[in-house]
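Please open the model in your viewer and set it to a cartoon view, with side chains hidden for the moment. The stops below tell you what to select next and what is there.

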Amino acid sequence: MRVLIVEDERRLSNIIKKGFVEDGFAVDQAFDGEEGQYLAESEQYDLIVLDIMLPKVDGLQVCKEIRK
């Protein structure tokens, strides 16, 4: 399974990533809403872990755009 983590706090993002990788997941990371939206629209993910308060574009807007 492939997971995208969109979280601006790098330390927290890396902790979350470590847990998924240990369980055998392929993980990509984005550190702002703009990058997260780009990855979500250009790749196929089984799960997206999306923070709400992100730089550039907030998580709620990213979610709305991905769902379109």
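The tour begins with the whole chain and then goes on to single elements and residues.

**The whole chain**

Keep everything selected at the outset, and bear in mind that this is a predicted model. Following the cartoon, you can find 3 helices and 3 strands in the protein chain, and from the N terminus on these elements run β-α-β-α-β-α. The radius of gyration is 11 Å, close to the 11 Å that the globule rule gives for 68 residues, so the chain is as compact as a globular protein of that length. If you turn the model along its principal axes, the C-alpha atoms fill a box of roughly 30 × 25 × 15 Å.

Switching to a surface view, you are looking at about 4600 Å² exposed by the protein chain, with carbon and sulfur atoms supplying 50% of it. Of the 68 residues, 32% count as buried. Among the contacts between residues at least 6 apart in sequence, 56% join residues at least 24 apart.

**Helix α1 and the glycine after it**

Select residues 10-22, which form helix α1. This helix has 13 residues and reaches 18 Å from its first C-alpha to its last, close to the 18 Å expected at 1.5 Å a residue. Just after α1, select Gly 24 and look at its backbone, where phi is positive at about 90°.

**Ala 40 and its surroundings**

Now select residues 33-42, helix α2, and within this helix pick out Ala 40. Is Ala 40 buried or exposed? With a relative accessible area of 14%, which falls under the 20% limit, Ala 40 counts as buried. Show the side chains of Leu 4, Tyr 45, Ile 48 and Ile 66, since these are the residues that Ala 40 touches once residues up to four places away in sequence are not counted. You may also add Val 62, which lies 22 residues from Ala 40 in sequence and 9.1 Å from it in space, C-alpha to C-alpha.

**The salt bridges around Arg 2**

A search of the whole structure finds 5 salt bridges, and the next stop visits two that have Arg 2 as a partner. Select Arg 2 together with Asp 28, and you will find the closest N and O atoms of this salt bridge 2.6 Å apart. The pair links distant parts of the chain, for Asp 28 is in strand β2 (residues 26-30) and Arg 2 is in strand β1 (residues 2-6), 26 residues apart. Asp 28 is partly exposed at 22% relative accessibility, and Arg 2 is partly exposed as well, with a relative accessible area of 28%.

Keep Arg 2 selected and add Glu 43, which forms a salt bridge with Arg 2 whose closest N and O atoms are 3.3 Å apart. Because Glu 43 lies in the loop between α2 and β3 while Arg 2 is in strand β1, this pair ties together parts that are 41 residues apart in sequence. Glu 43 is partly exposed, with a relative accessible area of 36%.

**Lys 56 and Asp 32**

Move next to the loop between β3 and α3, where Lys 56 has its place. Lys 56 has a positive phi of about 70° although it is not a glycine. Add Asp 32 to the selection, and the side chains of Lys 56 and Asp 32 can be seen to meet in a salt bridge, at 3.8 Å from N to O. Here too the pair links distant parts of the chain, since Asp 32 is in the loop between β2 and α2, 24 residues from Lys 56. The two partners can be set side by side: Lys 56 is exposed at 63% relative accessibility, whereas Asp 32 is buried at 12%. Returning to the earlier stop, salt bridges that share partners join Arg 2, Asp 28 and Glu 43 into one network.

**A nonpolar patch on the surface**

For the last stop, stay with the surface view and select Ile 52, Met 53 and Leu 60, which make a nonpolar surface patch of about 340 Å². Where along the chain does Ile 52 have its place? The residue is in the loop between β3 (47-50) and α3 (59-67), and at 43% relative accessibility Ile 52 counts as partly exposed.

How values were computed:
Residues numbered from 1 in each chain as written. Predicted model: local features only at pLDDT ≥ 70, side-chain atom pairs only at ≥ 80, totals over all residues. Heavy atoms only, no water. Helix = DSSP H or I, 4+ residues; strand = E, 2+ residues; numbered from the N terminus. Expected span 1.5 Å × (residues − 1). Patch = residues over 30% accessible without salt bridge, like charges linked within 9 Å, V, L, I, M, F, W, Y side chains within 5 Å. Areas by Shrake-Rupley, 256 points an atom, 1.4 Å probe, with all protein chains shown as cover. Salt bridge = Lys/Arg side-chain N within 4 Å of Asp/Glu carboxyl O. Buried < 20%, exposed > 50% of the residue type's maximum accessible area, 1.4 Å probe, protein only. Contact = heavy atoms within 4.5 Å. Rg over C-alpha atoms; globule rule 2.2 N^0.38 Å.
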